[in-house]
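User: Hi! I am new to reading protein structures, and I would like to go through this one step by step. Could you help me?

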Amino acid sequence: MSDTHDHSHSRHGNGAPGHHHDIGGRGDWQVAAAVAVNLSLTVAQVAGGLVAGSVALIADAVHNLSDAITLIIAFAARRIARRPATPAMSFGYGRAEIVAALVNYTTLVVISAWLGYEAAVRLVDPPPVQAWIVVVLAGLALVVDLVTALLTWRLSRHSVNIRAAFLHNLADAGTSLAVIIGGTLILLYDWRLVDPLLTLAISVWIAWHALSEVGPVIRILMLGAPDDLESAEIAEAIRAEDGVAGLHHIHLWQIDERRSSIEAHLVVGEGADPAEVLAQVKAMVAGRFGLHHSTFEIERPGSPCGAGGCA
């Protein structure tokens with residue numbers, strides 16, 4: 001069996017070599033600043049929502065609190081992910097960010113369910129709302145959401161963990177804008193139903209956003225193959241290499257967001273040099289498919305596995 005580990009390449013999506021801009025902790029200050037801003041905003045919005053009697057404003061505040069929690073989890077996961085590999089954790093701690101993303105998306109789904117319940121209660125008997133407080137605080141929240149999104153935008157391009165936090169903020173910006181519109185309608189027309197209706201819309205938006213983004217995270221945790229790499233295509237390319245007589249027991253999975261791995265039983269033809277064939281196959285899967293982490297068990301035709309006897 002032969003195994004190769006190349007940790008000098010950071011890869012994105014299709015496994016092509018890329019740059020992990022976050023090595024060494026650069027960018028942590030953006031996350032810390034975003035946490036502080038969102039916590040301050042949450043306190044102001046909850047207080048304002050209680051005074052104004054607006055469940056939509058409180059809903060926006062809870063969403064902002066979830067952003068702060070999301071960013072705290074993301075910050076911790078980033079630091080854990082940078083720990084070096086150990087004998088007990090031979091692949092390293094890169095999946096800490098994947099776990100954090102799953103926790104954050106799950107939290108969003110729970111929050112959306114709670115907001116939906118609160119909106120349904122208010123629809124039956126909509127209370128009076130002090131719309132000026134709602135409009136002012138929602139306007140402040142919109143500014144904060146956009147600033148926070150800017151702070152995390154660069155990092156979000158290279159981390160599913162930070163991307164979850166970034167998308168939280170974009171969703172928040174949309175909900176803050178909706179709350180501003182709702183407060184304006186109450187000011188102009190005293191339409192109290194708009195507050196719980198907006199809360200219900202915010203709830204649906206949050207749930208849709210979380211459920212649509214959680215799929216790739218679950219795929220990685222379930223050892224799924226990368227979306228843009230096909231096992232059949234890779235197997236066909238390996239079988240086409242000189243000296244390869246067969247291939248079976250192939251497994252392809254993502255180690256984390258930037259690294260994928262392949263393992264297989266490689267049948268080397270009679271007269272071919274196993275070392276040369278192995279080096280050739282490894283170079284091909286690394287160069288063509290970005291699979292720098294590969295493990296192949298060498299077999300000869302006629303062996304139990306070489307004859308197709310191994311699953």
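**A walk through the chain**

Analyst: Happy to help! One thing to keep in mind is that this is a predicted model. The chain exposes about 14300 Å², and carbon and sulfur atoms supply 67% of that area.

User: Thanks! How many helices and strands are in the chain?

Analyst: Let's begin with their order. From the N terminus on, the elements run β-β-β-α-α-α-α-α-α-α-β-β-α-β. In that string each α stands for a helix and each β for a strand, and the totals are eight helices and six strands.

User: What percentage of the residues count as buried?

Analyst: A residue counts as buried when its relative accessible area is under 20%. The chain has 311 residues, and the part of them that count as buried is 50%.

User: Among contacts between residues at least 6 apart in sequence, what share joins residues at least 24 apart?

Analyst: Good one! Here we set aside pairs fewer than 6 apart in sequence and look at the remaining contacts. Of these, the share that joins residues at least 24 apart is 75%.

User: Now the helices. Are H3 and H6 roughly parallel or roughly antiparallel?

Analyst: Helix H3 covers residues 96-124 and helix H6 covers residues 194-221. Their axes come within 8 Å and cross at roughly 160°. Angles over 145 degrees count as roughly antiparallel, so H3 and H6 are roughly antiparallel.

User: Which handedness does that crossing have, and how many nonpolar residues are in the contact of H3 with H6?

Analyst: The crossing of H3 and H6 is left-handed. By class, their contact has five polar and two charged residues. The number of nonpolar residues there is 24.

User: What about H7 and H8: which word describes the way they are placed?

Analyst: Helix H7 (residues 231-239) and helix H8 (residues 274-289) pack with their axes 10 Å apart, at an angle of about 140°. Angles over 145 degrees would count as roughly antiparallel, and 65 to 115 as roughly perpendicular. The angle here fits neither range, so H7 is placed relative to H8 in a way called oblique.

User: Which residues of H8 does H7 meet?

Analyst: On the H7 side, the residues are Glu233, Ile234, Ala237 and Ile238. The residues of this contact divide into seven nonpolar, no polar and two charged. On the H8 side, they are Val281, Met284, Val285, Arg288 and Phe289.

User: Why does the phi of Leu223 catch the eye, and is Leu223 buried or partly exposed?

Analyst: Most residues other than glycine have a negative phi. Leu223, in the loop between H6 and H7, has a positive phi near 60°. Its relative accessibility is 48%, so Leu223 counts as partly exposed.

User: Where does Asp190 lie?

Analyst: Asp190 also has a positive phi, near 55°, and is a residue other than glycine. Its place in the chain is the loop between helix H5 (160-189) and H6.

User: How far apart are the C-alpha atoms of Val267 and Ala245?

Analyst: Val267 lies in strand E5, which spans residues 260-268. Val267 is buried, with a relative accessible area of 3%. Along the chain, Val267 and Ala245 are 22 residues apart, while their C-alpha atoms are separated by 5.3 Å.

User: Last one: is Phe166 buried or exposed?

Analyst: Phe166 is found in helix H5, and its C-alpha is 7.9 Å from that of Thr148, with their positions 18 residues apart in sequence numbering. The relative accessible area of Phe166 is 13%. The cut-off is under 20%, so Phe166 is buried.

Note on methods. Residues numbered from 1 in each chain as written. Predicted model: local features only at pLDDT ≥ 70, side-chain atom pairs only at ≥ 80, totals over all residues. Heavy atoms only, no water. Helix = DSSP H or I, 4+ residues; strand = E, 2+ residues; numbered from the N terminus. Buried < 20%, exposed > 50% of the residue type's maximum accessible area, 1.4 Å probe, protein only. Contact = heavy atoms within 4.5 Å. Areas by Shrake-Rupley, 256 points an atom, 1.4 Å probe, with all protein chains shown as cover. Axes fitted to C-alpha atoms, helices over the stretch in contact; angles between N-to-C directions. Parallel < 35°, antiparallel > 145°, perpendicular 65-115°, else oblique. Nonpolar A, V, L, I, M, F, W, Y, C, P; charged D, E, K, R; others polar. Left-handed = near helix turned anticlockwise from the far one by under 90°.
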